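Me: Please take a close look at the nonpolar core of this model. I would like one connected account, with the loops covered afterwards.

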Amino acid sequence: MQPNPLMTTASAPLSSSHAPSIDAATEKLHGLSLVTVKYLLWQQAVDKAVDTAARDPNPSMDSINEIRGLRDELIMNPALAGAGEEAALNLGRRILLHLWEVAANELPPSVMYGLINTYVACLDALSKLTPRLPAELTALYWIEDDRRFDKNVVDALLRYRLLNLAELDRVIAKALTAGIQNNKQVTILVIHLIQTCVLKDSLFTCEDIPAIFEIFSKMAFSASASAGVQSVPRPAQEIPPIVRERGDPYNMRENTSSLFDEWVHAVNNPEAEKQCMAVLIKLRNLQIFQHLEATDYFFCRLIDISIGHCLAMLANVTERTSSSSAAGGGGGGGG
């Protein structure tokens with residue numbers, strides 16, 4: 001992968017044990033512009049402050065206020081990037097690229113989430129200065145960088161509405177067409193978007209990510225066809241957690257799950273027509289389609305279960321593909 005021209009070698013990566021000190025970082029800042037130096041010193045100060053607070057089970061108010069002060073300094077101190085809208089956009093781009101660095105390092109979860117939350121809060125503050133920031137941040141996702149699809153960073157940015165969802169849909173769809181064996185991280189991200197952002201938290205709908213959903217559906221169908229129904233990693237009567245979390249006014253959960261399993265097995269049966277007819281007769285006897293509200297509820301549950309089925313299938317195929325690749329690579333050295 002070619003080095004990113006927007007990245008600077010002066011930005012020392014985070015360690016899994018400690019954030020780099022400002023004194024150590026300054027040795028690498030010679031030859032850079034004054035604005036870049038001031039920004040990098042600010043970034044190192046944020047990393048160190050968050051690292052210290054996140055590793056303390058009971059961080060002091062002084063530690064918390066230090067982080068807040070650094071966040072405010074981003075907005076209050078024009079010397080960090082100059083003045084005007086372009087300066088704010090430049091700061092936003094730098095922060096997002098650093099977030100990719102953060103996500104790529106093996107940091108303790110408390111430190112990683114602390115850094116992500118802090119920097120995303122900074123980006124949110126910058127977005128108040130320029131409405132162009134979400135478009136600029138989304139444009140960075142066209143860069144060929146393996147770190148860009150970290151699910152925690154993308155999730156946080158989407159929750160703050162700091163990414164253009166329609167553009168991100170096209171970026172991820174393009175990455176998906178490369179094949180799940182080439183980019184496991186983007187597959188993990190798509191599963192997270194559908195499972196958490198769409199089904200669980202309703203941040204947006206599948207209609208908001210049509211390209212992703214279309215390709216994902218084809219991948220899941222292809223995985224189902226190649227793996228066979230018997231390999232679905234879900235017990236026949238198990239209902240996905242998202243269905244259990246919602247109310248069940250019609251006591252239809254178990255019926256819907258059971259009917260779904262019967263239908264999946266029926267369409268893959270040599271006597272498919274006969275088997276499918278038996279399922280349809282059962283639907284009629286349950287009188288599901290005689291009441292509009294009950295019908296709507298049934299199809300909502302059916303969609304939840306179907307997507308859960310596809311997610312499980314795709315995750316299973318992704319895991320098998322990764323295991324096969326690892327086994328092939330490990331055996332390549334023998335002779």
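What follows is a walk through the core and then two loop residues.

Reply: A caution comes before the details: this is a predicted model.

Start with the largest nonpolar core. It has 68 residues. Within it, Y141 and I172 touch the most other members. Helix α4, residues 85-104, supplies the largest share of this core, with 10 residues. A second core is separate and has 6 residues. Among its members are L259, C276, V279 and L283.

Now look at Y141. Set aside its neighbours within four places in sequence. Y141 is then in contact with L96 and W100. Further along the chain, the contacts of Y141 include R148, F149, V153, V154 and L157. L163, L168 and V171 complete the list. Two of these partners can be placed by number: L96 and W100 fall in the range of helix α4, 85-104.

Turn next to the loops. R161 sits between α7 (151-159) and α8 (165-176). Its phi is near 55°, a positive value in a residue other than glycine. R161 has a relative accessible area of 68%, so it counts as exposed.

S202 is the other loop residue to inspect. It lies between α9 (184-200) and α10 (210-227). The phi of S202 is also near 55°, again positive in a residue other than glycine. Its relative accessibility is 53%. The cut-off for exposed is over 50%, so S202 is exposed.

Terms used. Residues are numbered from 1 along each chain as its sequence is written. This is a predicted model: local features need pLDDT of at least 70, side-chain atom pairs count only at pLDDT 80 or more; totals for chains, interfaces and linings use all residues. Side-chain values use heavy atoms; hydrogens and water are left out. A nonpolar core is a set of buried Ala, Val, Leu, Ile, Met, Phe, Trp, Tyr and Cys residues joined through side-chain atoms within 4.5 Å. Buried means under 20% relative accessible area, exposed over 50%, partly exposed in between (1.4 Å probe, protein chains only). Helices (H or I, at least four residues) and strands (E, at least two) are DSSP runs, numbered from the N terminus. Contact means heavy atoms within 4.5 Å.
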